[in-house]
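Colleague: I have a few minutes before the group meeting, and I would like to go through this model with you. Could you bring it up?

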There are 4 protein chains.
Amino acid sequence: MLEELKQKVYEANMDLPRYGLVTFTWGNVSAIDRESGLFVIKPSGVDYDKLTPEMMVVMDLNGNKVEGNLNPSSDTATHLELYKAFPEIGGIVHTHSSYATSWAQAGRDIPCYGTTHADYIYGPVPCVRCLTKEEIEDAYEENTGHLIVNEFKRLGKDPKAVPVVLCKNHGPFAWGKDAKEAVHNAVVLEEVAKMAYRAETINPRIQPAPQELQDKHYNRKHGKNAYYGQTTLK
Amino acid sequence: MLEELKQKVYEANMDLPRYGLVTFTWGNVSAIDRESGLFVIKPSGVDYDKLTPEMMVVMDLNGNKVEGNLNPSSDTATHLELYKAFPEIGGIVHTHSSYATSWAQAGRDIPCYGTTHADYIYGPVPCVRCLTKEEIEDAYEENTGHLIVNEFKRLGKDPKAVPVVLCKNHGPFAWGKDAKEAVHNAVVLEEVAKMAYRAETINPRIQPAPQELQDKHYNRKHGKNAYYGQTTLK
Amino acid sequence: MLEELKQKVYEANMDLPRYGLVTFTWGNVSAIDRESGLFVIKPSGVDYDKLTPEMMVVMDLNGNKVEGNLNPSSDTATHLELYKAFPEIGGIVHTHSSYATSWAQAGRDIPCYGTTHADYIYGPVPCVRCLTKEEIEDAYEENTGHLIVNEFKRLGKDPKAVPVVLCKNHGPFAWGKDAKEAVHNAVVLEEVAKMAYRAETINPRIQPAPQELQDKHYNRKHGKNAYYGQTTLK
Amino acid sequence: MLEELKQKVYEANMDLPRYGLVTFTWGNVSAIDRESGLFVIKPSGVDYDKLTPEMMVVMDLNGNKVEGNLNPSSDTATHLELYKAFPEIGGIVHTHSSYATSWAQAGRDIPCYGTTHADYIYGPVPCVRCLTKEEIEDAYEENTGHLIVNEFKRLGKDPKAVPVVLCKNHGPFAWGKDAKEAVHNAVVLEEVAKMAYRAETINPRIQPAPQELQDKHYNRKHGKNAYYGQTTLK
């Protein structure tokens, strides 16, 4: 069942340690098959060097396990809410990657200080508030998903243009059209978080990059007349 | 004698350079066999690439060497005091890992800023005071153990819920149910120390994570109704 | 056509990930054949592990593609302007290397704090201003080149003595007599940016190195009576 | 001639990139044969991956090349002055290792903040002043050696107890009983510099470790009654 997608989700999970985004089992990747409405996610707490494609868990969008012997990631309910609310995304990543998590712990949005950021993320990386006591005690992971979705709505953010978010006191989520692009965006976020950290130390009176530069770089890669890369290779 | 335990302690010691926690010989792991009351510890000052399971030293809880040709770690008396006072632990690690040691040198507790910390350590990582001149000159390593034990008593800390400590001007100790878990907690501590360092730089007015979030994450992994990971795999 | 130069440009591009200067495809190297007036540059957005010497694109100094199936780097127009204005250079590198880019995001020149810097770069590393809205919307990459050239003229900088520059809110460019030396200078810049960052944190009242020390080290390696290295090996 | 010593100096030089202490050719190791009064040093500006034991250069203490086809390190005169003034040392290392060089650029002594430092270096790591214009223009490398020697005399420092120094705006030198111990001390210095940097960020009101703790740790490893390590293994 969904063997190809399991393989892809497996590979995307294995990319997390390869890119230095996870310690131990602190991360998970999922991807959705929009036709069947089923998504594939990493099992909870399994070491990366013991992971196999067959271990991947298949879930439906009501939160029922459809296939798999293992428990799905403890963050499954968050992935599920994001898939339901953002129909344009196909893959999701959660990590505790070091710099992004440091910003999340600091409870701050990451301002757009340069073109590395603007190339992939339109405007600041939002840091959503910590959940309330009630939200935590009731349905923690599901409410994490609700909060992200509501904040994107409130701020008027397009999840395709802003494919990353920080959860205060917790860590980052990233997404994309598929599992591979989601991991790519998680790597971008970590780089962006690292350079913003250093740039603020170098110049405490730093300002965000001018809007026109942000527009230029975002559109150079993602706009209608994008001219970065090889159309024929895509 | 205790060949299986020697092998495990050997492997746990070899994990220290693998996880980037030690430079040269600056670290040691031990584990105890509670039935016989004997513990196995790394020999002092031996390079990791020359270490073998046979070199491990067997000690009793009175500090007598029971087996082994080499001197035990110079920190043996500290391990011994911890084993005597904390009957629930089975393995201990000492390192000079970079970020944790930096906090120890700074003489500060590491506040709990997020879920990475809360997943494994309940509340702040305590930093115990420097020993007095008398404590240093009398029985330095033994007194280090006494101090940790007394501070945990004074602060009402449960060594299972807080499996790590910083010794001011020195470095960290970590422990667990066995040598492997102790090394795991030493890695967690280093990650937590790194992210707390960066989070404070990003936001100098940072506050600890809300208590209810700390409770949620600690209990999600360690509470009676823990739902992280695979029960069947443990 | 220019097969030897393509091979060298290919190898110089492959050195970028080897030296840790690029993430994904965020960098490009070119080199020019001054006799024919043609330069060879990396194709745009191609992964380093899929790159081959044959993929390199040949351009003339009017911006026409002379050979190659792929689109040239999106930064080609910047390279072109630098080749036209600086006849003494033979290779150019652009990266988003982490520390240099952090200084560029902070919008600050990197002061010369020591001999590592002075050995290769005479005086501070200049950070040129962000482009205006008009410059960005008109011909962004070409104008980036113009701005660098004009700033070097205005500041009286010799591009051989200052083989690196930062573009505000963007990142570094480096150059040299050929592609290999350009990459070498990009590595130097990253090291210099890292140590200047740390030195300012250690001593917020830090001052640049005395001019006579800067002169001594630069001339020890590059002056008429240079005595560093092996003349016979060059 | 001195083939065994050349081999050892070669190996010690090759350890510099292995320990991450050098970029490109920015480092050199030498060792002296006290009987003949000759010392062996790395040739200037040769890449580490092209280095062979045969390339090592033999010098006498008057600064004459006794054997070797290549030019000796450009820092040879500094090594020479240290060998002449410190008869108890047998090997010397110079690097531009990142954290130690950052402290040198900042022009600050590294305070002893903990036992990692105290285990190998007695008291703060001294940072000697920049040379004067006259000292630079006259005999730069020789005067660097004189300055270190004079500062150690003035401060009453024992080069065996303080086997490292920082030269302001330049970088570190380290030494030991032989080339291998000198490299060991260079690694210690880099670790100590890194942790002191971080500790000051964590606690801006940090104080040095109490003198009695510094004494205890230094003597535990180096005193008359040292009990660290294996006497029989030395």
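Modeller: Here it is, and we can take the sheet of one chain before turning to how two chains meet; please keep in mind that this is a predicted model.

Colleague: Fine, the sheet then. What is the strand order in chain C?

Modeller: Chain C has an open sheet of 8 strands in the order 4-3-2-1-5-8-7-6, and the pairing is mixed. Strand 4 (65-67) and strand 6 (127-128) of chain C stand at the edges, and each has a single partner strand, so one side of each is left without a neighbour in the sheet.

Colleague: And strands 2 and 3 of chain C, do they run parallel or antiparallel?

Modeller: They run antiparallel, with 4 bridges joining strand 2 (residues 38-41) of chain C to strand 3 (residues 57-60) of chain C. If you want one place to look, Phe39(C) has Met59(C), in strand 3 of chain C, as its bridge partner.

Colleague: Which strands does helix 1 of chain C lie across?

Modeller: Helix 1 (residues 3-18) of chain C lies across strand 1 (27-33), strand 2, strand 3, strand 4 and strand 5 (91-95) of chain C, and its direction makes an angle of about 155° with strand 1 of chain C.

Colleague: Changing topic: what rotation superposes chain B on chain A?

Modeller: A rotation of 90°, with 0.0 Å of shift along its axis, superposes chain B on chain A at an RMSD of 0.0 Å. That is the relation of a four-fold axis. In chain B, the C-alpha nearest the axis belongs to Thr201(B), at 5.7 Å from it. The copies use different surfaces, since 6% of the contact residues of chain B recur in chain A.

Colleague: How much area is buried between chain B and chain A?

Modeller: About 3000 Å² is buried between them, and carbon and sulfur atoms give 56% of that. On the side of chain B, Arg198(B), Ile202(B) and Gln230(B) lose the most area to chain A, together 22% of what that side buries. In terms of residues, 35 of chain B are in contact with 32 of chain A.

Colleague: How many salt bridges are there between chain B and chain A?

Modeller: The count is 2, and in a salt bridge between these chains the side chains of Asp75(A) and Arg220(B) meet at 3.5 Å, N to O. Across the interface of chain B and chain A there are also 16 residue pairs in polar contact.

Colleague: Which element gives the largest share of the side of chain B that touches chain A?

Modeller: Helix 6 of chain B does, with 12 residues. The elements giving two or more residues to that side are helix 4 (115-118), helix 6 (179-202) and helix 7 (211-222) of chain B.

Conventions. Residues are numbered from 1 along each chain as its sequence is written. Chains are lettered from A and ligands numbered from 1 in the order in which they are written. This is a predicted model: local features need pLDDT of at least 70, side-chain atom pairs count only at pLDDT 80 or more; totals for chains, interfaces and linings use all residues. Side-chain values use heavy atoms; hydrogens and water are left out. Two strands pair if DSSP finds at least two bridges between them. Contact means heavy atoms within 4.5 Å. Axes are lines fitted to C-alpha atoms, for helices over the stretch in contact, and angles run from 0 to 180 degrees between N-to-C directions. Copies are superposed by least squares on the C-alpha atoms of residues with pLDDT of at least 70 in both. Buried area is the accessible area (1.4 Å probe) that two parts lose on being put together, summed over both. A salt bridge is a side-chain nitrogen of Lys or Arg within 4 Å of a carboxyl oxygen of Asp or Glu. A polar contact is a pair of N or O atoms within 3.5 Å; within protein, one must be able to donate a hydrogen and the other to accept it, and residues adjacent in sequence count only if both atoms are side-chain atoms.
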